[in-house]
Amino acid sequence: MLRFTKDHEWIRLDGDVATVGITDHAQEALGDVVFVDLPEAGREVTEGEAVAVVESVKAASDVYAPVAGRIVESNAKLAEDPALVNSAATTDGWFFKLSGVSAASVEALMDEAAYAAFLETI
Amino acid sequence: MADSSGDTPLSETPLAALHRELGGRMVPFAGYAMPVQYPAGIMAEHLHCRAAAALFDVSHMGQAELVGDGAAAALEALTPSDVQALKPGRQRYALLTTMAGGIFDDFMVANLGAQGTERLFLVVNASRKAEDFALIQAALPAGVRLRTLPDRALIALQGPQAVAAISTLASGIAALPFMGIGAFDVAGVPALVSRSGYTGEDGVEVSVPAEGAERFARALLALPGVQPAGLGARDSLRLEAGLCLYGNDIDETTSPVEANLVWTIGKRRRTEWNFPGAERVRDELDNGAKRLRVGIRPEGRQPARAHTPVHLPGGAAIGEVTSGGFGPSANGPVAMGYVAREHAADGTSLELMVRGKPLAARVAPLPFTPHRYVR
């Protein structure tokens with residue numbers, strides 16, 4: 001099940017490893033993604049820390065860690081094909097995976113209905 | 001995503017309703033609500049312009065006429081351009097310079113004179129129009145009048161198929177030379193058409209009365225090969241073409257010599273040295289400017305944006321990126337900026353400090369994509 005942040009990241013927890021990406025709303029607002037700057041594996045990150053950068057034709061935007069954890073993998077496919085962020089934002093276009101994630105901190109984020117309601121307010 | 005929520009209400013161009021109908025994403029720009037892109041997206045709009053024809057609304061730009069005996073001479077008090085040598089039916093790119101030798105604005109000036117009446121047509125930047133018109137007004141002698149044209153729209157049609165397309169509505173347009181200008185009836189709208197643009201492609205920029213703007217734009221959009229494009233594509237197109245954006249690449253601190261715009265200075269003006277800032281320009285031509293505007297090509301795929309510091313590899317800061325992004329036609333990141341003159345040669349290795357990390361780059365010749373103007 002996906003959870004969402006107000007900064008338009010999504011996170012999906014499988015066991016204690018979470019996969020993170022940006023939402024369909026975010027990729028739509030950014031436009032054509034041309035480059036993604038991803039974090040190194042092994043890096044410890046805190047909740048809300050800027051850990052990746054997504055570059056569209058027009059601008060660069062930070063991507064934040066939705067919860068604390070340790071980076072275990074970044075999506076190597078994005079180096080070859082950054083447009084995956086546009087075409088498959090919540091599947092093949094994932095950014096990085098975090099280990100050591102607290103299930104409670106993920107649960108505390110918005111679910112799909114809450115995120116949809118949040119999008120209505122902006 | 002931060003929204004810029006200014007307190008001042010935004011102005012709209014005469015094409016605002018059409019932009020919304022076409023699905024344009026409206027953003028604030030120089031006090032106007034302007035389409036940054038349409039549903040196709042910046043990349044597709046950019047590539048379509050290079051392949052066929054793109055329609056841009058640039059009605060936010062300032063238009064004016066300078067009318068009366070001595071108009072060209074009066075304008076020369078503010079610009080190093082040889083305005084008096086500009087023949088009827090011709091347009092040129094020029095700079096307004098400051099007394100300190102900076103660039104007050106860049107603009108287009110056309111000679112619309114006929115039968116002994118001096119008449120110049122000016123197009124200035126949206127962000128500078130109030131300042132420019134005040135500056136020009138204050139410099140006018142008796143008998144020369146500045147008439148601003150806030151009730152006119154400006155629409156650009158750019159790309160290799162642009163002139164063929166618009167010529168099906170007014171055949172004479174195809175005969176305009178590069179930087180030629182003339183009056184035509186296009187789809188029942190009186191249009192002042194100049195063969196110029198801001199993309200590096202062949203094309204036209206057309207001034208039409210506000211009330212005819214939508215009809216004119218719809219007539220162009222109905223032609224085969226024509227698609228709308230927003231300010232996002234306009235910016236990536238002009239960057240690939242090596243063309244300056246006022247406020248980014250040139251401003252009151254940059255001189256025409258530093259900006260590599262010496263070609264806009266008339267030959268006669270370089271013997272008279274009577275334009276604002278002539279002293280600095282002359283000194284920089286004789287002794288070299290401290291810095292120069294150059295093209296910058298980052299290695300790899302990562303773009304470097306405006307204000308990115310430029311260093312020598314592993315060494316000292318030597319300048320700054322002033323425009324940078326991804327070039328869809330160059331199929332990679334492209335930028336321009338200023339570097340110290342001794343490091344401005346093509347091929348010079350640089351390091352761009354992007355978010356604190358060095359990104360390898362080289363000084364590269366401009367433009368990144370060859371100009372395809374008619375000659």
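## Chains A and B: cysteines and contact

The sulfur of Cys244(B) lies 19 Å from the closest cysteine sulfur, that of Cys49(B), which is too far for a bond. This is a predicted model, where local features need pLDDT of at least 70 and side-chain atom pairs count only at pLDDT 80 or more, while totals for chains, interfaces and linings use all residues. Residues are numbered from 1 along each chain as its sequence is written, chains are lettered from A in the order in which they are written, and side-chain values use heavy atoms, without hydrogens and water.

**Cysteines**
- Over all chains there are zero disulfides (pairs of cysteine sulfur atoms within 2.5 Å).
- Cys49(B) is buried, with a relative accessible area of 0% (buried means under 20%, using a 1.4 Å probe and protein chains only).
- Cys244(B) also counts as buried, at 6% relative accessibility.

**Where the chains meet**
- Chain B brings 18 residues to the contact and chain A brings 15 residues (contact means heavy atoms within 4.5 Å).
- About 1,500 Å² is buried between chain B and chain A, and carbon and sulfur atoms give 56% of this area (the accessible area, with a 1.4 Å probe, that two parts lose on being put together, summed over both).

**Charged pairs**
- Five salt bridges cross the interface of chain B and chain A (a side-chain nitrogen of Lys or Arg within 4 Å of a carboxyl oxygen of Asp or Glu).
- In one salt bridge, Asp37(A) pairs with Arg355(B), with the closest N and O atoms 3.7 Å apart.

Methods:
Buried means under 20% relative accessible area, exposed over 50%, partly exposed in between (1.4 Å probe, protein chains only).
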